[in-house]
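Visitor: Please take me through one part of this model slowly: the sheet, and whatever packs around it. I would like a close look at the residues involved.

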Amino acid sequence: MKDWKVLFLLFFVTVFFSCTKENEVISEAAGSNSNINKDALLNLVNRYRASGCNCGPDYYPPVGSVSWNNTLELAAKEHSDDMNNNNYFSHTGKDGTSPGDRISKYNYRWSTYAENIAKGYPTEQSVMEGWIKSPGHCANIMNGRFKEMGVAKSGDYWTQEFATQR
């Protein structure tokens with residue numbers, strides 16, 4: 001019985017420190033996206049969500065706010081870097097990955113997700129205005145099923161990930 005308790009304790013400590021180290025790596029990598037103002041982006045998104053919005057011809061009523069998620073930011077950063085480094089513009093990565101693939105890679109267990117991309121906008125305000133003027137991107141911003149988001153920029157390329165965890 002005593003050996004079982006020791007083995008359990010060793011397993012618990014190993015898992016705890018393994019998960020803690022993984023979260024530190026995610027946090028450090030996401031923190032390298034310092035060329036954007038996360039608070040400004042989150043406030044802009046949540047302001048639209050709180051007031052309702054016309055996305056093209058369709059009106060979207062107010063929905064709840066989203067919170068920032070560093071894992072989604074990390075997936076967004078990977079895609080923005082890929083587009084910037086390989087000079088292309090697409091939701092499909094150069095390696096064939098989808099937004100869901102990129103989000104899942106970082107152990108985010110999503111039940112739903114969406115991605116907005118943009119190129120050439122110099123500020124948080126301008127990229128949000130661009131996304132709001134695009135009916136599909138606007139619909140993603142106004143989708144009440146999404147609870148979290150992360151955004152990243154690399155060069156002129158922006159990626160915004162929305163998702164909800166299972």
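**The sheet and its surroundings**

Guide: Let's start at one rung of the ladder: Ala114 has Phe162, in S6, as its bridge partner. Strands such as this one (E, at least two residues) and helices (H or I, at least four) are DSSP runs, numbered from the N terminus. Please keep in mind that this is a predicted model, in which local features need pLDDT of at least 70 and side-chain atom pairs count only at pLDDT 80 or more, while totals for chains, interfaces and linings use all residues. Residues are numbered from 1 along each chain as its sequence is written, and side-chain values use heavy atoms, with hydrogens and water left out.

That rung belongs to the antiparallel pairing of S4 with S6, which runs over 9 bridges; two strands pair if DSSP finds at least two bridges between them. Strands of a sheet pair through backbone hydrogen bonds, either parallel or antiparallel. Here the sheet is open, with 4 strands in the order S3-S5-S6-S4 and mixed pairing. Its edges are strand S3 (67-68) and strand S4 (110-119); each has a single partner strand, so one side of each has no neighbour in the sheet.

Two helices pack on this sheet. Helix H3 (residues 70-86) touches S3, S4, S5 and S6, where contact means heavy atoms within 4.5 Å. The direction of H3 makes about 30 degrees with that of S5; such axes are lines fitted to C-alpha atoms, for helices over the stretch in contact, and angles run from 0 to 180 degrees between N-to-C directions. Helix H5 (residues 124-133) touches S4, S5 and S6, and its direction makes about 65 degrees with that of S6.

Now for the aromatic rings, of which the structure holds 2 pairs. Rings of Phe, Tyr and Trp (its six-membered ring) pair if their centres lie within 6.5 Å; planes under 30 degrees apart count as stacked, over 60 as edge-to-face and the rest as tilted. Trp110 and Tyr113 have ring centres 4.6 Å apart and planes at 80 degrees, so they make an edge-to-face pair. Trp110 is partly exposed at 28% relative accessibility, and Tyr113 is partly exposed as well, at 27%. (Buried means under 20% relative accessible area, exposed over 50%, partly exposed in between, with a 1.4 Å probe and protein chains only.)

The other pair brings us back to Phe162. Its ring and that of Phe146 have centres 5.7 Å apart and planes at 20 degrees, so this pair is stacked. It links distant parts of the chain, 16 residues apart: Phe146 lies in the loop between helix H6 (135-141) and strand S5 (148-154), and Phe162 in strand S6 (residues 157-165). Both Phe146 and Phe162 are buried.

What lies in the interior? The largest nonpolar core has 23 residues, and those with the most contacts inside it are Leu41, Met128, Trp131, Ile141, Met149, Val151 and Trp158. A nonpolar core is a set of buried Ala, Val, Leu, Ile, Met, Phe, Trp, Tyr and Cys residues joined through side-chain atoms within 4.5 Å. At least two of its residues come from each of helix H2 (38-51), S1, S4, H5, H6, S5 and S6. Apart from this core lies another, of 7 residues, including Leu74, Ile103, Tyr106 and Ala163. Back in the largest core, and setting aside neighbours within four places in sequence, Met128 is in contact with Leu41, Leu44, Val45, Tyr48, Ile141 and Gln160. Tyr48 sits in helix H2 and is partly exposed, with a relative accessible area of 22%. With the same sequence neighbours left out, Tyr48 is in contact with Cys53, Met128, Ile132 and Met142.

Cys53 leads us to the last feature, the 1 disulfide found in the whole structure. Here a disulfide is a pair of cysteine sulfur atoms within 2.5 Å. The bonded pair is Cys55 and Cys138, with sulfur atoms 2.0 Å apart, and the link is left-handed, with -60 degrees about the S-S bond. It joins distant parts of the chain, 83 residues apart: Cys55 is in strand S1 (residues 53-55) and Cys138 in helix H6. Cys55 and Cys138 are both buried. Cys53, by contrast, is in no disulfide, and its nearest cysteine sulfur, that of Cys138, is 3.7 Å away. At 7% relative accessibility, Cys53 is buried too.
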